Amino acid sequence: MAKNKFENMNIVIVGHVDHGKSTIIGRLLADTNSLPEGKLAQVKETCRRNSKPFEFAFLLDALKDEQAQGITIDAARVFFKTPKRKYIIIDAPGHIEFLKNMVTGAARAEAALLVIDAQEGVRENSKRHGYLLAMLGIKQVVVLMNKMDLINYDQVRYEKIAGEYKEFLAKIGVTADSFIPVSGFQGDNIAAASPKMPWYQGMSLLEKLDLLENKQNVKNQAFRMPVQGVYKFTADGDDRRIIAGTIETGKVRVGDNVVFYPSGKKSMVKSIERFNASVTYEDTAGSATGFTLDEQVYITRGELACLNGEPAPVITTKIKGKLFWLGKSDLNTLKKYYIKIGTQKVAAKIEKIITVLDASTLAATNTRKHVQRNEVAEVIFALDNSVAVDTAANLTETSRFVIVDNYEISGGGVVMNTLDDGQYSVSGASVSQTEITWSEHAVKREERAVRFGNKPALIIISGEMGFAKEGLAGYLERGLFLEGRIAYNLEINPAAGKSEPGADREAFLKKLAEQSNILLNAGILVITTIDHCQEQDLKIIKALTGRTVKLVWAGELRDCDGPVDLHLGGDESKEEMYFEIRKMLINSGTVLGPGYN
Ligand code: GTP
Ligand code: MG
């Protein structure tokens, strides 16, 4: 019992204008004795005095500024409780506002009640809202066929509408939990079974609510916490920093190894800190929390905290998304927008509009160059910076995004796919293999650099086939060593993939990066050779090492498809080439002066 006291469940109520959403909620409050003493009588009396008919929806307005017996109503949220748990019901008045709430995640609901007026039947918003629920991944949908009193509790009409709506839901891949015939006005099948519909054997709304599943899934998924901010304890002598945010999915415990994306920085959870709450060793989805780290890493708002060993998000600048557009002006491919995913915010352009769909008729076109308000579209976004995302199929919560146009939320949706953006993604697996260490050692990087006379860097010697790269690499190693630098010529067994692009090539580059990382961490100038090094190879190496990489190209023919740091003709003596390389290293600040030029 004590445990349930804290269980909260978010429910969103949607449906076409005037189909009876607020009435149903008002009735639910009244019939579960959730209203403050005398409230119902008071509202009825006010109506009588003003000669207007009483509406259960008025109860919601009347309660807005009130806080009694655990019921409070703010903007559009109604709180009420059953012996099982507390419910937060999100009832939105206007259509556009409702959609905005939905896409911004204010209505991060576990389940939805979708109201259809039995007399009026299925309307375009009945469908649009159903579509949106499906798109945002709200899987539990209870359809309430309201105003049954107006059709004499007719089973045939109920079945006709239910059949029609089921058909629509089937097309968008949703199975409704149940179709409950109700009358919000008369109180049928709301808090108790109605004697007026003996043909209906199912549950009342109240019974159904308590049987809906709450957050179970999200707690068992991979840990995801978008970082909202990093806060310093201010008390004397306390230098801890708290990484704060709301846990979207999964759980985190003291001692867990966290990885922040897109940076790939890692550390261990030292303590979990919650504002005004008791000390804890574990925190789970839905909780606004914070944690301190074992080793300080520099983290800022916008990173996505994940756990090492769990499925990693994808880091990319190109995503395929499905969105619902609410903007005043059309969405087009020329304009710059902002896209917000979790706490990440990045400028974006629509690279391509793939399909545009009417969410109520489901009619689609593939030739449109813009998307109008209330339309659904599949588009490809090109982002200015990398983001860490999940796809809707893998983790709905962290796949959701919002689009901002001129400071206004103008649309939202989910990431369907991430696309190869030509940049090498640092996936969770490769980061852990290569162990990028950002933590501070007892000896600082700068101290090593001063002692050695050089900063760590990876010097790649590449060039035309047949050029004796290994010989030059060895000469460079010896030269740098003799003048007091710490240099090491790292030769990776060239048998696998050294020359040919492809899977083997990638494996070779990964191995090279892994081994270089250890040496680079130790502050060493690492020298290596790669046949015919191309821009993509460099991207992979740079992504995996996160350090300075210098490419020296030797040979008259320079057929590297990207920039090089130094191009040698290949006719020079080794000594001349050595001095050229050394000059490039000094000019770029990799090899430190004074006295070496
Ligand atoms: P918006 O917030 O404007 O989208 O409307 P809503 O869906 O909240 O509808 P609301 O509850 O305000 O009800 C609209 C009208 O329908 C009101 O006049 C209600 O009295 C009436 N109504 C709602 N439920 C029932 C019902 O079960 N039977 C009858 N006869 N009337 C109902
Ligand atoms: Mg309403």
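## Exercises on a ligand shell and a helix pair

Of the 17 residues around ligand 1 in this predicted model, the nearest are Lys21, Ser22, Thr23, Glu55 and Asp149. Let's work outward from there.

**Exercise 1.** Find which helix gives the most residues to the shell around ligand 1, and sort the shell by class.

*Solution.* Start with the helices: α1, spanning residues 21-31, gives the most, with three residues. Next, sort the shell by class: seven residues are polar, five are charged and five are nonpolar.

**Exercise 2.** Look for N or O atoms of the protein that pair with oxygen atoms of ligand 1, using a cut-off of 3.5 Å, and then ask how much of the ligand the protein buries.

*Solution.* Begin with side chains. Thr23 places a polar side-chain atom 2.4 Å from a ligand oxygen. For Lys147, the distance from a side-chain N or O atom to an oxygen of ligand 1 is 3.1 Å. Now turn to the backbone: a polar backbone atom of Gly184 sits 3.0 Å from an oxygen of the ligand. Finally, take the area: ligand 1 alone exposes 650 Å², and the protein buries 81% of that.

**Exercise 3.** Describe how helices α11 and α14 cross, and which residues meet there.

*Solution.* First, locate the helices: α11 covers residues 469-482 and α14 covers residues 574-587. Their axes come within 10 Å and cross at roughly 65°, and the crossing is right-handed. Then list the partners: from α11 come Gly471, Leu472, Tyr475, Leu476, Gly479 and Leu480, which meet Lys574, Glu575, Met577, Tyr578 and Ile581 of α14. Sorted by class, the residues of this contact are seven nonpolar, two polar and two charged.

How values were computed:
Residues numbered from 1 in each chain as written. Chains lettered and ligands numbered in written order. Predicted model: local features only at pLDDT ≥ 70, side-chain atom pairs only at ≥ 80, totals over all residues. Heavy atoms only, no water. Axes fitted to C-alpha atoms, helices over the stretch in contact; angles between N-to-C directions. Helix = DSSP H or I, 4+ residues; strand = E, 2+ residues; numbered from the N terminus. Left-handed = near helix turned anticlockwise from the far one by under 90°. Contact = heavy atoms within 4.5 Å. Nonpolar A, V, L, I, M, F, W, Y, C, P; charged D, E, K, R; others polar. Near = heavy atom within 4 Å. Polar contact = N/O pair within 3.5 Å; in protein donor to acceptor, adjacent residues only side chain to side chain. Areas by Shrake-Rupley, 256 points an atom, 1.4 Å probe, with all protein chains shown as cover.
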